There are 2 protein chains.
Amino acid sequence: MRDVYSAVADPTRRQIIRMLASADELPLHELTAAFPMGRTAISKHLNVLKEAGLVSEHKVGRETRYRLIPEPLQEIRDWVAHYEQFWDARITRLKSLLEEEQP
Amino acid sequence: MRDVYSAVADPTRRQIIRMLASADELPLHELTAAFPMGRTAISKHLNVLKEAGLVSEHKVGRETRYRLIPEPLQEIRDWVAHYEQFWDARITRLKSLLEEEQP
DNA sequence: TTGACATGACACCATTTGGTGGCATATTAT
DNA sequence: ATAATATGCCACCAAATGGTGTCATGTCAA
């Protein structure tokens, strides 16, 4: 199995996630058509996403359809949420400084 | 410059971020002490974080102090927020299914 | 002033990553 | 039956990644 952070680190894989989010289910060849690289490369990326639990696959006839499983992204959301307070605090400090300067 | 997603993909770098978040400012040798690897490795990780705009450095005497810049994490927060609706929708569907089964 | 400390810069290395192409197989269309 | 399509699987490859060690330099303390 594999880290969801590293699964999402690649821009190609993020685009795959975006496509699957807006299309419910897509076969490999249709995904491949959207990229400037070959089928094998996309297949590998899908495997990485699968290892991170972000996609599921099932065969329909001769094609393999992929579907997004969004839940693992919650881990990233929770992680980054922990740091929201820091930029909030910085913005608050900045605002009060500006108010001091221009009363 | 470098992608904030890939900067955050490494567990060592996430731990560095965590340490900097709770300590405001730390020198390289103090960060290094928390890890099972050498100073050069941590220095490289800090450079990656700096290229992603996630840390700033300034020298104080003979040591270089590092500080967290949390703002670039907003990009990740915004990106993942876009997918919250999907797992929300799945949970809603699951709930209504359960209510149907056990009325 | 001398020695210890903190770092930067560099060369080096093994492994992972992100891509390629080719071949075999299952399915569909003609 | 034959041809085209969709895919899995494998070997291969260049470049990036994540470590290491060494050496030179600037700073602080005794």
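In this predicted model, the surroundings of DNA strand D comprise 19 residues, of which A:P27, A:L28, A:H29, B:G38 and B:G61 come nearest. Two or more residues of the surface near DNA strand D come from each of α3 (28–32), α4 (39–51) and β3 (63–68) of chain A, and the same holds for α4 (39–51) of chain B. Sorted by class, the surface near DNA strand D holds four nonpolar, nine polar and six charged residues.

A:P27, one of the residues that come nearest to DNA strand D, also has a place in the sheet of chain A, where A:R65 in β3(A) is its bridge partner. The two strands concerned, β1(A) and β3(A), run antiparallel and are joined by two bridges. The sheet itself is open, has three strands in the order β1-β3-β2 (chain A), and is paired in antiparallel fashion. Because β1 (26–27) and β2 (55–60) of chain A stand at the edges and have a single partner strand each, one side of each is left without a neighbour in the sheet. In general, the strands of a sheet pair through backbone hydrogen bonds, in either a parallel or an antiparallel manner. Across β1, β2 and β3 of chain A lies helix α2 (residues 11–23) of chain A, which runs at about 90 degrees to β3(A).

Chain A is divided into domain 1 (1–70) and domain 2 (72–103), and the C-alpha centres of these two domains of chain A lie 33 Å apart. Contact between the domains of chain A involves eight residues of domain 1 and four residues of domain 2. On the side of domain 1 of chain A that touches domain 2 of chain A, seven residues are nonpolar and one is polar, while none is charged.

Between the chains, 16 residues of chain A are in contact with 17 residues of chain B. At least two residues of the side of chain A that touches chain B are supplied by each of α1 (4–7), α5 (73–81) and α6 (84–101) of chain A, and α5(A) gives the most, with five residues.

The table sets out the class make-up of the surfaces described here.

| Surface | Nonpolar | Polar | Charged |
|---|---|---|---|
| Surface near DNA strand D | four residues | nine residues | six residues |
| Side of domain 1 of chain A that touches domain 2 of chain A | seven residues | one residue | no residues |
| Side of chain A that touches chain B | eleven residues | two residues | three residues |

Note on methods
Residues numbered from 1 in each chain as written. Chains lettered and ligands numbered in written order. Predicted model: local features only at pLDDT ≥ 70, side-chain atom pairs only at ≥ 80, totals over all residues. Near = placed C-beta within 6 Å. Helix = DSSP H or I, 4+ residues; strand = E, 2+ residues; numbered from the N terminus. Nonpolar A, V, L, I, M, F, W, Y, C, P; charged D, E, K, R; others polar. Domains from an automatic or database assignment. Contact = placed C-beta atoms within 7 Å. Pairing = 2+ DSSP bridges. Axes fitted to C-alpha atoms, helices over the stretch in contact; angles between N-to-C directions.
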